[in-house]
2 protein chains.
Amino acid sequence: MDIGTPAPRRRMRADARRNYERLLAEAAAAFAEHGADFSLEEIARRARVANGTLYGHFPTRRALLEALLGDRMRALAATGEELLPHPSPFDGLAAWARAAMAHTTIYRGLGAALMQAVEDETSELHTACKAVLAAGEGLVARARAAGEVRPDVTAPDLYALVNAAAWAGEQSSIPQGERLLTFGLDGFRTSATTRG
Amino acid sequence: MDIGTPAPRRRMRADARRNYERLLAEAAAAFAEHGADFSLEEIARRARVANGTLYGHFPTRRALLEALLGDRMRALAATGEELLPHPSPFDGLAAWARAAMAHTTIYRGLGAALMQAVEDETSELHTACKAVLAAGEGLVARARAAGEVRPDVTAPDLYALVNAAAWAGEQSSIPQGERLLTFGLDGFRTSATTRG
DNA sequence: AAATATATCGAGACAGTCTCGAGTTTTCCA
DNA sequence: TGGAAAACTCGAGACTGTCTCGATATATTT
């Protein structure tokens, strides 16, 4: 559940496990503070570990991100399912979109990673992204069936909107992300005139 | 007009001018090919110039970007003014937004630079961004006055939408940028129900 | 063609990514 | 409990990139 203690894949030596966890903890702090392009060398330094050790545990920056995010992503997908029986399909959709944007905002630069992971099957985040996308699809389908969003709105549209809005918010000193999300969601609505 | 031959600000020695232009040409090619975070060292190498020379002409990556983009940006602002008397204020706005997105798409990573430049007064790109924003403001104001977009839509919203859509398009293998732009613009319209 | 102004060069300081073999711990099991 | 095998850590080093600066070279001016 908590991102601080994800399970390594197998039995590990005690010292290895300790280092693994310290690295992850430092990475979480560093990423939260400085965004997803923080120096891996510095994470190793903070965790008081040689950088070779870091690379032993996490061969790439992406591997580190994946270890950090997996559980959170699954939680987001679960939230989507919980919102499925919302009395207003559109409002359920909107609420989930806001939750998803908040999730994307925890680390600067995360939106790009998520946009790429959803298309990249070699990414370990891929499965989690697919689950998130599926959750979005459920909400979109219901809102579409209820006639509350346009028939051509898709789950990838929602996914892209959320990530793009999160991105915009990161670039701006004003809460531009929320504004964009609101406008985008309204653009999804049936009441919006379809342009030729 | 053409980005290949922008005017250096003053008289330059002949060799300096030659290097300046070669650097710019290589930078344009490299940026178009690899995006805005291309290696400056490599640009110097390609232009057959020591990297100190590159830094002499363009102290920062941003300075290089500005030299590359200034004219284009001003052209975009001009396009905005031309579209001002469009018979349908909304359509004029939409047409300009599409042109602006196309502009942002010429170099990968450019959207982020533009979002930052508009808020950063020390950026060489700042003035150009302000001009673009002003052009957007003209179009938005007219559409607002005509009752075709919601009264709370601002030029920064439009600017953010364009850049965010361009960003989304870069991340995706499908034309997600255009879709997002369309939905966002529809979200701007008066006909979209305002959510509580 | 000398004097002056202007540029270029490239070494070097520094930071980051990533690899690899030597050396160190832990674990296991006799 | 002790020692071999397995697992892991270490950190030097190869590489790339950013950026600076003084020595050197080249254009321009008179």
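Biologist: Which helices of chains A and B each supply at least two residues of the surface near DNA strand C?
Modeller: Happy to start there, bearing in mind that this is a predicted model. Both chains take part: chain B supplies at least two residues from each of α1 (14–34) and α3 (51–57). On chain A, the helices that do so are α1 (14–34), α2 (40–46) and α3 (51–57).

Biologist: Nice. Which helix gives the most to that surface near DNA strand C?
Modeller: Its share is four residues. The helix in question is α3(B).

Biologist: What share of the atoms of DNA strand C within 4 Å of the protein is sugar and phosphate?
Modeller: Let's begin with the protein side: 21 residues surround DNA strand C, and among those that come nearest are Arg13(A), Glu41(A) and Arg13(B). On the DNA side, sugar and phosphate make up 64% of the atoms within 4 Å of the protein.

Biologist: And which residue has a side-chain N or O atom 2.8 Å from a base nitrogen of DNA strand C?
Modeller: Let me set two phosphate contacts aside. Leu40(A) places a polar backbone atom 3.1 Å from a phosphate oxygen, and Thr53(B) has a polar side-chain atom 3.1 Å from a phosphate oxygen. The base nitrogen is instead approached by the side chain of Asn51(A).

Biologist: One last thing: how far apart are the end C-alpha atoms of residues 17–76 of chain A?
Modeller: In an unreviewed UniProt entry, that stretch is annotated as "domain: HTH tetR-type". In the model, the stretch is 80% helix and 0% strand. Its end C-alpha atoms are separated by 27 Å.

Technical notes. Residues are numbered from 1 along each chain as its sequence is written. Chains are lettered from A and ligands numbered from 1 in the order in which they are written. This is a predicted model: local features need pLDDT of at least 70, side-chain atom pairs count only at pLDDT 80 or more; totals for chains, interfaces and linings use all residues. Side-chain values use heavy atoms; hydrogens and water are left out. A residue is near a molecule or strand if one of its heavy atoms lies within 4 Å of it. A polar contact is a pair of N or O atoms within 3.5 Å; within protein, one must be able to donate a hydrogen and the other to accept it, and residues adjacent in sequence count only if both atoms are side-chain atoms. UniProt positions are given in the numbering used here, feature names are shortened, and annotations may be inferred rather than shown by experiment.
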